[in-house]
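Reader: I would like a close look at one part of this structure, namely the annotated binding site, together with whatever surrounds and supports that part. Please take me through the site step by step.

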Amino acid sequence: MERTRLAREIIDTCLEMTRLGLNQGTAGNISVRYRDGMLITPTGIPYERLTEESIVFVDGDGRPEEGKLPSSEWRFHQVVYQTRPEANAVVHNHAVHSTAVSILNRPIPAIHYMIAAAGGNSIPCAPYATFGTRALSEHVAVAMRDRKATLLQHHGLITCEENLEKALWLAQEVEVLAKLYLTTLAITDPVPVLSDDEIAVVLEKFKSYGLRVES
Ligand SMILES: C[C@H](O)[C@@H](O)[C@@H](O)C(=O)COP(=O)(O)O
Ligand SMILES: [Zn+2]
């Protein structure tokens, strides 16, 4: 029952991600931590065709349940759960502005205090590696060691959080930051940024702010 409920939440989050304009086609994938592994979307299936039975369990050794093909990116989802013990949900998409910044191969700097929602003063950009490879998951492990979000060079975005709602919310916040960054870059480069001291103040305030940005 718990598994069916989590599978439904994954599908609803996928559909919401598309509805918010953060993704297109069969791009992107979503998982939740489950038992010693995770429940994750299958590879290459449009979200609107997913049923609870389509969601795949991948165990802690990376073995998918029989007869099902997990997302090609199960490795980087696994690495995020290993790297960030507080994370229970991982969202990946190809949101347009986030992906555009990733093509420039730049981190998003502290252009707005909401950068702190990802845990620090920037959102890194993990180096390019072919999708689905161990090399890509190794880059993700480094980038997300002290952040809850990273861009993937020439690819897209990953976020993690304690639940699906927060992971999707963070993906939307990063997309807004990416759009702001591109908008300001068109006028000036480098773009003015907030100081590390100010980001430290915001990180402290977020610990007790609302329900959505506490870590
Ligand atoms: C080629 C894939 O679309 C790749 O970009 C992957 O990262 C992705 O976003 C969706 O792959 P899956 O359908 O295998 O989850
Ligand atoms: Zn992708």
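Author: What follows starts at the annotated site and then moves outward to the strands, helices and core.

The model is a predicted one, and the site itself comes from a record: in an unreviewed UniProt entry, the annotation "binding site" covers Glu73, His92, His94 and His155. These residues are spread over 83 residues of sequence, yet they cluster in space, with a largest C-alpha distance of 13.1 Å.

Two of the annotated histidines can be described in detail. His92 is found in strand 4, which spans residues 89-93, and His92 counts as buried because 29 other C-beta atoms lie within 10 Å. Leaving aside neighbours within four places in sequence, His92 is in contact with Gly28, Asn29 and Glu73, and also with Gly156, Leu157 and Ile158; Glu73 is itself covered by the annotation. His155, by contrast, has its place in the loop between strand 6 (149-152) and strand 7 (156-161). His155 is likewise buried, since 22 other C-beta atoms lie within 10 Å, and its contacts, not counting residues up to four places away in sequence, are Thr99, Ser102 and Phe131.

Thr99 and Ser102 lead to helix 3, residues 96-103, where both are buried along with His97, Ser98 and Val101. The elements that cover the buried residues of helix 3 include strand 5, strand 6, strand 7 and helix 5. Helix 3 is followed by Asn105, which has a positive phi near 55°.

The ligand can be placed beside this description. Around ligand 1 are Thr26, Ala27, Gly28, Asn29, Thr41, Thr43, Gly44, Ser71, Ser72, Glu73, His92 and Phe131. This shell divides into two nonpolar, nine polar and one charged residue. Glu73 and His92 belong to the shell and also to the annotated site, while Gly28 and Asn29, also in the shell, are contacts of His92. Phe131, another member of the shell, is in contact with His155.

Next comes the sheet to which strand 4 belongs. It is an open sheet of seven strands with mixed pairing, in the order 3-2-1-4-7-6-5. Strand 3 (56-58) and strand 5 (125-126) stand at the edges with a single partner strand each, so one side of each has no neighbour in the sheet. Strand 5 pairs with strand 6 in the parallel sense over two bridges, and within that pairing Cys125 stands opposite Leu151 in strand 6.

On the other side of strand 4 in the order given, strand 1 and strand 4 run antiparallel and are joined by four bridges, with Val90 in strand 4 as the bridge partner of Ser31. Strand 1, residues 29-34, is largely enclosed by the rest of the structure, because five of its six residues are buried. Strand 1 also pairs with strand 2 (residues 37-40) in the antiparallel sense, again over four bridges, and here Tyr34 stands opposite Gly37. These two strands form a hairpin with two residues between them, and Arg35 in the turn has a positive phi of about 50°.

Helix 1 can be linked to this region through two of its residues. Cys14 is found in helix 1 and counts as buried because it has 24 C-beta neighbours inside 10 Å. Although Cys14 and His92 are 78 residues apart along the chain, their C-alpha atoms are separated by 9.8 Å. Not counting residues up to four places away in sequence, Cys14 touches Ile30, Thr41, Tyr47 and Leu50, and Thr41 is one of the residues around ligand 1. Leu6 also has its place in helix 1, which covers residues 2-19, and is buried, with 21 C-beta neighbours inside 10 Å. Beyond four places in sequence, Leu6 is in contact with Val32, Tyr34 and Leu39; the C-alpha atoms of Leu6 and Tyr34 are 8.9 Å apart, with their positions 28 residues apart in sequence.

Finally, there is the nonpolar core. The largest one has 56 residues, of which Ile10, Val80, Val90, Val140, Ala167, Ala171 and Val174 touch the most other members. Helix 5 (residues 164-185) contributes the largest share of this core, nine residues. Val80 touches Ala87, Val90, Val140, Met144, Ile158 and Cys160, residues up to four places away in sequence not being counted. Ile158, among these contacts of Val80, is also in contact with His92, and this shared contact brings the description back to the annotated site.

Methods:
Residues are numbered from 1 along each chain as its sequence is written. Chains are lettered from A and ligands numbered from 1 in the order in which they are written. This is a predicted model: local features need pLDDT of at least 70, side-chain atom pairs count only at pLDDT 80 or more; totals for chains, interfaces and linings use all residues. UniProt positions are given in the numbering used here, feature names are shortened, and annotations may be inferred rather than shown by experiment. A residue is buried if 20 or more other C-beta atoms lie within 10 Å of its own, exposed if 12 or fewer, and partly exposed in between; C-beta atoms are placed from the backbone. Two residues are in contact if their C-beta atoms, placed from the backbone, lie within 7 Å. A nonpolar core is a set of buried Ala, Val, Leu, Ile, Met, Phe, Trp, Tyr and Cys residues joined through C-beta atoms within 7 Å. A residue is near a molecule or strand if its C-beta atom, placed from the backbone, lies within 6 Å of it. Ala, Val, Leu, Ile, Met, Phe, Trp, Tyr, Cys and Pro count as nonpolar, Asp, Glu, Lys and Arg as charged, and the others, Gly among them, as polar. Two strands pair if DSSP finds at least two bridges between them.
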